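User: Please take a close look at a single part of this structure, a pair of helices of your choice, and then place that part in its surroundings. I work at the bench, so I would like every term given with its cut-offs.

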Amino acid sequence: MSTTISMPQLGESVAEGTIGKWLKAPGERIERDEPLLEVITDKVNAEIPSPVAGVVERIVVPEGQTVPVGAELAIIGDGVAAAEPPAEGASGSGSELPSETTGPTTLEDAEAQVATSQEQVPQGPSGAASSAAPVAIQREGEVGARRSDGADGDEGPKRASPLVRRLASEHGVDLSQIAGSGLGGRVTKDDILAHIEAQGATPGSAGVPPAPDEAGGTPALPAAAVPPPAAAAPLASAGQLGPDEELVPLTPMRRAIAEHMVRSIQTSPHAWGMVEIDVTPLVGLRERLLREWRAREGFELTFMPFFVKAVVEALRESPVLNARWSDQGVVLKRRVNVGVAVAVADGLVVPVIRDADQRSLAGLAHAVRDLAVRGRAGRLTMDDLQGGTFTVNNTGALGSIASGPIINQPQAGIITMEAIVKRPVVRDDAIAIRSMMNACLAFDHRITDGAEALRFLQSVKRRVEAYGPDTALY
Amino acid sequence: MPVQTLIEAVTAALREEMARDSNVILLGEDVGVHGGVFRATDGLHKEFGSERVIDTPLAELGIAGIAIGAAMNGLVPVAEIQFADYIHPAFDQIVNEAAKIRYRSNGAFSCPIVVRAPFGAGVHGGLYHSQSVEALFYHVPGLKIVIPSTPYDCKGLLKAAIRDPDPVLFFEHKKSYRRIKGEVPDEEYTLPLSVADVKREGSDISVITYGVGVHLALEAADKIAAEGVSVEVLDLRTIVPMDKAAIARSVAKTSKVLIVHEDNKTGGVGAEIAATIVEDHFELLDGPILRVAAADTHIPYAPTLEEAVIPNVDDVLAALRRLAAY
């Protein structure tokens, strides 16, 4: 009895997911609801729990690979099949293979590769090089990585000690071609040295590695014995790295952000607008409330809740900006769920304040803080990250005074709140020093036009400028 | 060459060093008139007098403290802790004072003491006369720890320890005091600290060990040689600072390692040796690093239980066979 684990639909616009990390290895026991793997989609790591208790029979998709929603990821068995030893790998052992595997897989390679581990494989009575007690050889997450050209029944990569692996790579030896004399058919040092000697693969170097120097370091490998590395790491798109270049491997989050940004720019024709907001009364209000707020709530009162509230109310006036595009028409959203961008260690996440229009300023302050704290700690859930209808980005915190933000798909727009700076401005034909802030809007020009977008921006401006001594936080 | 027991080698080393340097003094419980419970200082009180061979009260903290103070003022004390099991009251003096004096005084003071202590099980001493304590001090920077396995090594290393400018813990396995005999030259010699010794050459498996483990390993190596397995026995002799180069040479030769000590397995010296090998020489290894050590419990008084808890030749043989088959 096996259960297939498939790539779940992790968000409304999510069509695929990347395997971030397997939390269980093949052969390991797993309980129901225990986390099995981490999946990375748009900017989030989601832990996928096992729907059943059992033993991880096999892992189909390796870490780092991206597969569509619904693709088979792993098989959880009831533990009986996994306890069976895989076939010993000597070719021509006379093993009879099971005819077909059960359960569909999306990766043909993977299926062929792991077919033999699915079911009990009868051990050939004769011919097997190592008829010693079969030991369950742990299949690593190697699915699809290598396929031996050997006959049916080949069990894939063998387990080998660090020394044997080093000798194999130095001498270009395929370990699957050596009949191991060690425990469970393991290729021992003696086996591989004898093999190298028999082949005369690398004259003059087949032997015990040279003794380390007095400093105790691991001995250097004789240069002549080292063949050019086979199939170096793929640097296809990076090209040949120059001496003054360095390749920083992509984190799953970096890759997800990159993919999302390209898709957004290619999907929505972005148009931009900016207004200037006089936030002098708001700055005064916050300064007056700071001490009392901190004493009462235990954290800093930021400008974000004021901005979010103004944006939410403006969205109520301009529902077309709280919407998404479809070929059949503009889909208006009844709920206002505002995403707030949070910078994290290796990128950016945009968790969502649900029903932001139903919260007071204090409620928004708590919601913003909660998401920021959990975002930086990497403790956001998939639920926190989906369902946003509009995004507010506090770029001013980074010192920016104007931005051209990219829309968080499939939303209609994104607004940035820029740095608050004191500037001389004209008030009643006199020059006054005021605290000024720019707000920049990017909107999907398919959905609406500049007139509506600017009406929205003016509405935000009016609301932010209206904060003052009488504003109630609670 | 004359044959001596290990305890005779201890006495000879002490006598020679006291004759060589009038600053060398001995102190401990019953080391004077009585000549020590194991007779390690037999005759020295008569020979050198009570100014230099000092009977102390039964207070190990004081023994260590007096030795440290005397060392800082120019003497070269050799303190005896009657059984290593009783070194624990002196732990603070050894760890917090002796080990730190050179560092704390920026080299202005040093602490050239030797603390000798009989240790180990196998003589039905029960809980309080059987302990191995090396791991407790192994962790502490500033201490050297020597554990000899043969009379020859014992004499040469003890003399070197007395001449060493820093604190040395010199642990002598009490089971080997009279059981282990060996040739010891009449001529003056010392052996360098922190240099391991290959007690038996071999090509298939390295046994890295010290103290009585050396003798277990040699006996097991003899037996398994009949099965066609060639075992090398590396005697560390000094466990801190250990001879990493010798370990590297042996591992490069055999690619398989067994570590043997009588101290408990958990958090023992073997763990550090294994970790060092894996860190530095991962790609020399052709099998898991195994440890044969005492069970993680106390040394029982009942002989049958004691025998079950501490490692014996059969335990070493079983581990060697497992590695050979791997």
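Analyst: What follows is an account of one helix pair, and then of its surroundings.

The model is predicted, so local features are reported only at pLDDT of at least 70 and side-chain atom pairs only at pLDDT 80 or more, whereas totals for chains, interfaces and linings use all residues. Residues are numbered from 1 along each chain as its sequence is written, chains are lettered from A, and ligands are numbered from 1 in the order in which they are written.

The pair is made of helix α9 (residues 212-225) and helix α13 (residues 313-325) of chain B, whose axes come within 9 Å and cross at roughly 55 degrees. Helices here are DSSP runs of H or I with at least four residues, strands are runs of E with at least two, and both are numbered from the N terminus. An axis is a line fitted to C-alpha atoms, for helices over the stretch in contact, and the angle, from 0 to 180 degrees, is taken between N-to-C directions. Angles under 35 degrees count as roughly parallel, those over 145 as roughly antiparallel, those from 65 to 115 as roughly perpendicular, and the rest as oblique; α9(B) and α13(B) are therefore oblique to each other. Their crossing is right-handed, a term used when the near helix is turned clockwise from the far one by less than a right angle, left-handed being the anticlockwise case.

The contact itself joins L216(B), A217(B), E219(B), A220(B), K223(B) and I224(B) of α9(B) to V313(B), V316(B), L317(B), L320(B) and R321(B) of α13(B), where contact means that C-beta atoms placed from the backbone lie within 7 Å. By class, these residues comprise eight nonpolar, no polar and three charged ones; Ala, Val, Leu, Ile, Met, Phe, Trp, Tyr, Cys and Pro count as nonpolar, Asp, Glu, Lys and Arg as charged, and the others, Gly among them, as polar. An α-helix has 3.6 residues a turn, so residues three or four places apart point the same way.

A pair in chain A is set beside this one. Helix α2 (residues 162-171) and helix α3 (residues 189-199) of chain A pack with their axes 9 Å apart and at an angle of about 15 degrees, which makes α2(A) roughly parallel to α3(A). The crossing of α2(A) and α3(A) is left-handed, and the residues that meet are L163(A), V164(A), L167(A), A168(A) and H171(A) on α2(A) with K189(A), I192(A) and I196(A) on α3(A). Sorted by class, the contact of α2(A) with α3(A) holds six nonpolar residues, one polar and one charged.

Back in chain B, 13 helices and 14 strands make up the secondary structure, and 56% of its 326 residues count as buried. Buried means that 20 or more other C-beta atoms lie within 10 Å of the residue's own, exposed that 12 or fewer do, and partly exposed anything in between, with C-beta atoms placed from the backbone. Of the contacts in chain B between residues at least 6 apart in sequence, 78% join residues at least 24 apart.

Helix α7 (residues 151-163) of chain B is also part of this setting. Its 13 residues should span 18 Å at 1.5 Å a residue, and its end C-alpha atoms are 18 Å apart, which agrees; the expected span is 1.5 Å times one less than the number of residues. Twelve of the 13 residues of α7(B) are buried, among them Y152(B), L157(B), L158(B) and A160(B). The C-alpha atom of A160(B) is separated by 6.5 Å from that of P192(B), 32 residues apart along the chain. P192(B) sits in the loop between β8 (181-183) and β9 (197-200) of chain B and, with 11 C-beta neighbours inside 10 Å, counts as exposed.

Finally, some backbone details are given. Most residues other than glycine have a negative phi, and most peptide bonds are trans. In chain B, however, the bond from V240(B) to P241(B) is cis, with omega near -10 degrees, and P241(B) lies in the loop between β12 (238-240) and α10 (244-254). In chain A, D33(A) is not a glycine but has a positive phi of about 70 degrees, in the loop between β3 (29-30) and β4 (35-41).

Technical notes. Contact = placed C-beta atoms within 7 Å.
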